[in-house]
Amino acid sequence: MDVALGLLVLVAVVCAGSALGRKINVSVPLLLVLAGVAGSFLPFVPTVELNPELVLVGLLPPLLYAAALRTSVFDFRANRRSIGLLSVGYVIFGTLAVGAVVWWLFPEIPLAAAIALGAVVAPPDAVAATAIARKVGMPRRIVSILEGESLVNDATALVCLRAAIAAIAGTVSAAEIGAGFLLAAGGGIAVGLAAAYVLTELRKRIHNVAINTTTSLMAPFVAYLPAEHIHASGVLAVVVAGLVMGTKAPSMPNGAARLSQRSNWATVQFLLENSVFLLIGLQVRTIIEGVQGDSLGAGRIWAGCAVILLAVLSLRPVWVFPATYLPRLIPAVRRNDPSPPWQYPAIVSWAGMRGVVTLAAVLVLPPDLEHRNVLILAAMVVVGGTLALQGFTLPVLVRLLNVEGPDRHEDALNQAALVQLATAAGVIRLEELRSDDDPPEVVSMLKRRTQERGLAAWERLGRPGSDAVTPSRRYARLRLAMLEAERAKVLELRRGGGYAHEVLSDVLDGLDVEESMLDAFESAPDLSGGAGTDRPAGACTHLASSTDRDVPDDAVCADCVREGTLSVHLRMCLDCGYVGCCDSSPGMHASRHHLATGHPVMRSIEPVEDWRWCYEDELLG
């Protein structure tokens with residue numbers, strides 16, 4: 001009963017804290033940690049002991065798998081050098097450097113134990129960082145790098161920790177450490193690929209949604225447990241399995257199972273991710289009490305913990321800046337991936353909050369290790385200090401550095417273009433399949449519904465003014481009202497008892513599916529409102545008078561080349577032919593060109609895109 005009540009309170013606090021954090025615009029992980037700290041000192045709150053086995057086996061695999069499912073393997077591959085330098089290079093560098101600092105501060109602690117603490121505090125927990133990243137609107141490349149780092153760095157840190165613990169117990173050679181790394185990496189990748197293949201083939205043949213979804217929920221443990229059994233990296237196996245299955249999921253049959261998987265994993269990730277931050281806070285009182293009476297002395301212990309925290313904060317930029325720019329001294333690397341602006345590594349350097357894996361890993365240290373409680377306190381100070389200092393200041397830093405996140409208008413334009421290409425492919429396939437026996441009204445209805453979905457995306461961009469409601473949005477609102485009336489009628493008939501429960505459930509399920517689709521459309525951001533003009537979409541004189549230009553075969557943004565920045569998409573001014581990058585690019589040279597010259601209309605010169613945009617009236621043409 002006590003366990004059930006505790007779990008109920010834990011989930012209730014997580015839900016309340018998450019809702020409050022979103023309402024008052026405060027970092028949810030940080031708020032939950034503070035709630036946990038306050039709870040740990042309340043007399044009626046029982047002592048909560050963090051079981052390392054529970055975290056490393058029960059929580060870490062599903063958390064990593066859920067993150068890997070949402071991670072683009074193509075973005076991971078595009079940023080593999082940066083991710084590798086952070087998740088492997090920085091973790092090893094941090095392990096050795098922090099270990100040296102700990103040994104210098106506390107010579108009484110064995111060097112192997114000091115290096116073990118270095119391995120514990122080396123990997124950042126990017127859950128908090130990426131949550132803040134999305135909220136403040138960091139560039140997508142930074143978010144991709146942080147997510148990729150968080151997927152792999154725990155594997156490196158746990159391998160380093162194993163080697164350090166082995167050294168505490170006896171002697172371990174460099175060859176044994178190297179062999180351990182190779183086994184962990186190679187074995188983890190092999191087991192992850194094997195698990196992904198087996199589960200993918202299995203799920204292709206399972207048509208029952210409940211069984212298919214349950215198989216998905218088993219996936220992280222199917223990858224983790226065999227890898228750990230052969231002493232490979234279970235973390236790496238889970239990440240590989242999640243990346244592969246996340247990439248293959250959209251092409252697998254059974255759309256209902258895909259929707260169920262996304263919904264269930266979103267819930268699992270929400271509960272686990274936020275619960276671990278609450279658990280971190282609940283450990284504070286126990287850890288502080290554990291160092292009382294240690295022979296090192298309270299003043300020396302707390303001063304040493306503060307120095308260790310300072311070292312952790314300082315070592316990350318010491319690694320990140322050289323790792324960002326030194327590889328680009330090689331001409332081939334520089335050509336393929338020009339140097340980013342200095343603001344990018346600055347943000348990555350400061351996005352290094354530690355989390356529950358750090359606390360769980362430090363509890364794996366041998367119970368008979370001398371001054372073990374001091375090492376646990378140091379890990380706690382690093383976790384709490386980075387969450388507080390970096391969690392509070394990272395949004396401020398992003399704003400001070402004036403780093404632009406993804407442009408919503410640019411995203412909506414790309415979405416509309418993508419939907420247009422998809423609907424065109426659907427219409428072509430319809431023409432291939434239709435026969436003379438197909439009723440014309442059926443073919444006409446299919447075409448109309450398909451094309452309407454594509455037009456809806458363009459409508460969101462083409463009608464400025466808060467009072468203008470696009471036809472598709474008006475359709476959604478009216479249809480939602482109709483569905484509400486239909487559901488009320490079905491529920492009224494249900495009370496009469498004249499229809500079987502299964503029949504009523506099928507009808508209500510159909511209404512729910514349609515409503516969920518309309519809700520998604522209604523919740524999409526309205527990018528057309530607030531443009532500052534009441535001019536109707538077709539009355540833009542700039543668009544009407546603009547003439548098209550030939551697109552250069554070798555079009556590049558010359559300003560991006562000169563500044564050494566990346567061009568995401570290219571735009572061309574229809575007045576002078578200037579080619580600049582879009583607003584999702586760091587330079588935003590197309591918009592800067594308009595501000596400098598006043599030329600109002602540009603067009604996309606990306607393949608299969610032919611839309612134009614008027615900066616003056618904020619209208620699409």
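The legends below describe close-up views of a predicted model.

**View 1. Helix α2, residues 28-40.**
Helix α2 has 13 residues, and its end C-alpha atoms lie 18 Å apart. At 1.5 Å a residue the helix should span 18 Å, so the expected and modelled values agree. The buried residues of α2 include V28 and P29 at the start of the list, then L30, L31, L32 and V33. G36, G39 and S40 are buried as well.

**View 2. Strand β1 and its two faces.**
Strand β1 covers residues 570-573. L570 and M572 point one way from the strand, while R571 and C573 point the other way. Residues on both faces are buried. For C573, the relative accessible area is 4%, under the 20% limit, which means that this cysteine counts as buried.

**View 3. The hairpin of β1 and β2.**
Strand β2, residues 579-581, runs antiparallel to β1, and three bridges join the two strands. One of the bridge partners is C581 in β2, which is matched with L570. Five residues lie between the strands of this hairpin. In the turn, G577 has a positive phi of about 85°.

**View 4. Strand β3 beside β1.**
Strand β3 is made of residues 601-604. The pairing of β3 with β1 is antiparallel and has three bridges. R603 in β3 is the bridge partner of M572.

**View 5. The largest nonpolar core, around L117 and I308.**
This core has 113 residues, and L117 and I308 have the most contacts inside it. Helix α18, residues 372-400, gives the most to the core, with 13 residues. Leaving aside neighbours within four places in sequence, I308 is in contact with V98, V102, L105, F106 and L117. A378 and V382 are also in contact with I308.

**View 6. A separate core of 14 residues.**
This core lies apart from the core of 113 residues. Among its members are C560, C581, I605 and C614. C581 is also the residue of β2 that is bridge partner to L570.

**View 7. Cysteines C305 and C573.**
C305 has a relative accessibility of 1% and therefore counts as buried. The model has zero disulfides by the distance rule applied. C573 is in no disulfide, and the nearest cysteine sulfur, that of C576, is 3.8 Å away. A disulfide requires sulfur atoms within 2.5 Å, so the 3.8 Å separation does not meet the cut-off.

Technical notes. Residues numbered from 1 in each chain as written. Predicted model: local features only at pLDDT ≥ 70, side-chain atom pairs only at ≥ 80, totals over all residues. Heavy atoms only, no water. Helix = DSSP H or I, 4+ residues; strand = E, 2+ residues; numbered from the N terminus. Expected span 1.5 Å × (residues − 1). Buried < 20%, exposed > 50% of the residue type's maximum accessible area, 1.4 Å probe, protein only. Pairing = 2+ DSSP bridges. Core = buried A, V, L, I, M, F, W, Y, C linked by side-chain atoms within 4.5 Å. Contact = heavy atoms within 4.5 Å.
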